[in-house]
Amino acid sequence: MRQKMKIYVTGVAGMLGYGIYRTLHSRAEITGMDLLDIKIPGLSYRVLSLFDTDAVEKSIVEAGPDVLIHAAAYVNVDGCEQEPEYARRLNTQVTEHLADICGRHGIKMAYISTDAVFDGADPKLYTEDDPVNPINVYGRTKLDGETAVLRYPGNLVFRTNIYGLNIQKKRSFGEWVYCSLKQGETLNMFTDIDFSPILVDELAELLYEACAKGLDGRFHACGTGCITKYDFGIKLKEIFQIESGEIRRAVSSDAGLKAKRSKHMGMSNEKLTSALQIPVSTPQESIEKFYQLCKREAFL
Ligand SMILES: NC(=O)c1ccc[n+]([C@@H]2O[C@H](COP(=O)([O-])OP(=O)(O)OC[C@H]3O[C@@H](n4cnc5c(N)ncnc54)[C@H](OP(=O)(O)O)[C@@H]3O)[C@@H](O)[C@H]2O)c1
């Protein structure tokens with residue numbers, strides 16, 4: 001029998017990091033590191049900063065993974081705009097350093113990137129061959145991270161747009177919509193921004209299968225099709241059967257956001273689904289899975 005895949009996850013206590021553990025722990029040996037020190041039953045990981053480069057290398061080498069999934073990042077898009085130096089250090093320089101460590105130790109690296117590498121000027125589903133043109137610091141620093149990772153053969157880049165359940169106090173887009181509506185709030189949701197969201201648990205499955213099959217290069221690992229932020233809210237309200245709260249139509253230019261946002265962030269996952277022969281949920285199916293997950297994890 002094939003040995004269990006050994007996976008090292010940076011940011012393992014984050015939304016995606018913990019989603020990887022929740023989804024894959026019975027199939028893979030998972031460890032990793034995070035700044036945050038919390039107890040996760042069954043998971044042992046190192047509490048470290050990614051800027052502590054010697055300690056990070058030692059931790060990775062000791063774990064001896066087959067794959068390193070680099071999920072940690074400065075993900076706050078407006079925060080990146082206000083702290084561009086910090087965003088570059090964490091999103092680009094740390095990624096360069098990890099790619100170097102993985103290269104020297106023969107470890108495959110899977111880097112989690114973003115749809116924010118596109119300017120979103122064209123209302124289409126972007127493919128891996130479409131030209132990139134990030135319009136904010138987050139997108140630029142993540143794109144430079146992609147370049148660093150793909151300098152080494154065998155590495156994988158997954159561009160995505162995720163939501164899911166956090167074990168930290170932070171709230172993903174889906175959690176924010178649910179909690180705000182439950183509290184009876186009125187949400188102004190954008191009708192002029194569309195995206196291809198995927199639940200972190202489904203992304204974890206795709207990561208596992210892509211690594212097991214030895215895929216390399218750049219893939220769009222997102223939901224099938226796209227949806228506006230407003231329609232996502234409406235569908236979530238319906239599927240979760242939430243009576244309270246209200247969702248109003250809004251446009252992003254009225255929201256006073258600090259960083260520019262791409263309007264059309266929809267991506268095509270065809271390259272990945274063809275390579276893996278695995279279907280990926282549409283937004284509706286994804287929200288239904290999110291509902292089942294929230295019930296299972298007693299979040300509701
Ligand atoms: N969330 C989205 O909508 C989205 C969309 C597209 C792509 N992505 C990409 O998906 C990946 C995962 O995102 P996520 O939403 O799961 O992020 P997350 O919940 O913020 O998880 C990242 C984890 O990394 C930790 N971390 C941050 N700085 C660190 C450092 N210097 N040393 C060690 N750990 C550190 C964070 O700790 P703190 O919480 O203490 O900072 C957090 O626990 C990222 O690469 C992101 O760029 C996310």
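Ile-193 touches five residues that are more than four places away in sequence: Thr-228, Lys-229, Ser-252, Arg-261 and Lys-263. This is a predicted model, so please read everything here as a description of that prediction. Where does Ile-193 sit? You will find Ile-193 in the loop between strand 8 and strand 9 (194-195). Is Ile-193 buried or exposed? A residue is buried if 20 or more other C-beta atoms lie within 10 Å of its own. Ile-193 has 20 C-beta neighbours inside 10 Å, so Ile-193 counts as buried. One of its contacts, Lys-229, lies 36 residues away along the chain, and yet the C-alpha atoms of Ile-193 and Lys-229 are separated by 6.1 Å.

Lys-229 is a good place to step over to helix 8, which covers residues 229-239. Lys-229 is one of the buried residues of this helix, together with Tyr-230, Phe-232, Gly-233, Leu-236 and Lys-237. How are they arranged around the axis? They cover an arc of only 160°, which puts them on the same side of helix 8. And what do these buried residues pack against? Their partners are helix 6 (173-182), strand 8 (186-190), strand 12 (227-228), strand 13 (246-250) and helix 10 (283-296).

Let us follow the last of those partners. The axes of helix 8 and helix 10 come within 10 Å of each other, crossing at roughly 45°. That angle makes helix 8 oblique to helix 10, and the crossing is right-handed. On the helix 8 side, the contact is made by Phe-232, Lys-235, Leu-236 and Ile-239, and on the helix 10 side by Pro-283, Gln-284, Ile-287, Glu-288 and Tyr-291. Sorted by class, this contact has 6 nonpolar, 1 polar and 2 charged residues. Phe-232 and Leu-236 may look familiar, since both are among the buried residues of helix 8.

Now look just past these two helices, beginning with helix 8. Helix 8 is followed by Gln-241, in the loop between helix 8 and strand 13. Most residues other than glycine have a negative phi. Gln-241, however, has a positive phi of about 50° although it is not a glycine. Is Gln-241 buried or exposed? Gln-241 has 8 C-beta neighbours inside 10 Å and therefore counts as exposed. Ala-298, in the segment after helix 10, also has a positive phi, near 55°, and Ala-298 is not a glycine either. With 6 other C-beta atoms within 10 Å, Ala-298 is exposed.

To finish, turn to another pair of helices. Helix 1 (residues 15-24) and helix 7 (residues 200-212) have axes that come within 8 Å and cross at roughly 70°. At that angle, helix 1 is roughly perpendicular to helix 7. The crossing of helix 1 and helix 7 is right-handed. Which residues of helix 1 and helix 7 meet? From helix 1 come Met-15, Leu-16, Gly-19, Ile-20, Arg-22, Thr-23 and Leu-24, and from helix 7 come Val-200, Asp-201, Leu-203, Ala-204, Glu-205, Leu-207 and Tyr-208. The residues of this contact divide into 9 nonpolar, 2 polar and 3 charged.

Notes. Residues numbered from 1 in each chain as written. Predicted model: local features only at pLDDT ≥ 70, side-chain atom pairs only at ≥ 80, totals over all residues. Axes fitted to C-alpha atoms, helices over the stretch in contact; angles between N-to-C directions. Helix = DSSP H or I, 4+ residues; strand = E, 2+ residues; numbered from the N terminus. Parallel < 35°, antiparallel > 145°, perpendicular 65-115°, else oblique. Left-handed = near helix turned anticlockwise from the far one by under 90°. Contact = placed C-beta atoms within 7 Å. Nonpolar A, V, L, I, M, F, W, Y, C, P; charged D, E, K, R; others polar. Buried ≥ 20, exposed ≤ 12 C-beta atoms within 10 Å, placed from the backbone. Arc of directions from axis to C-beta.
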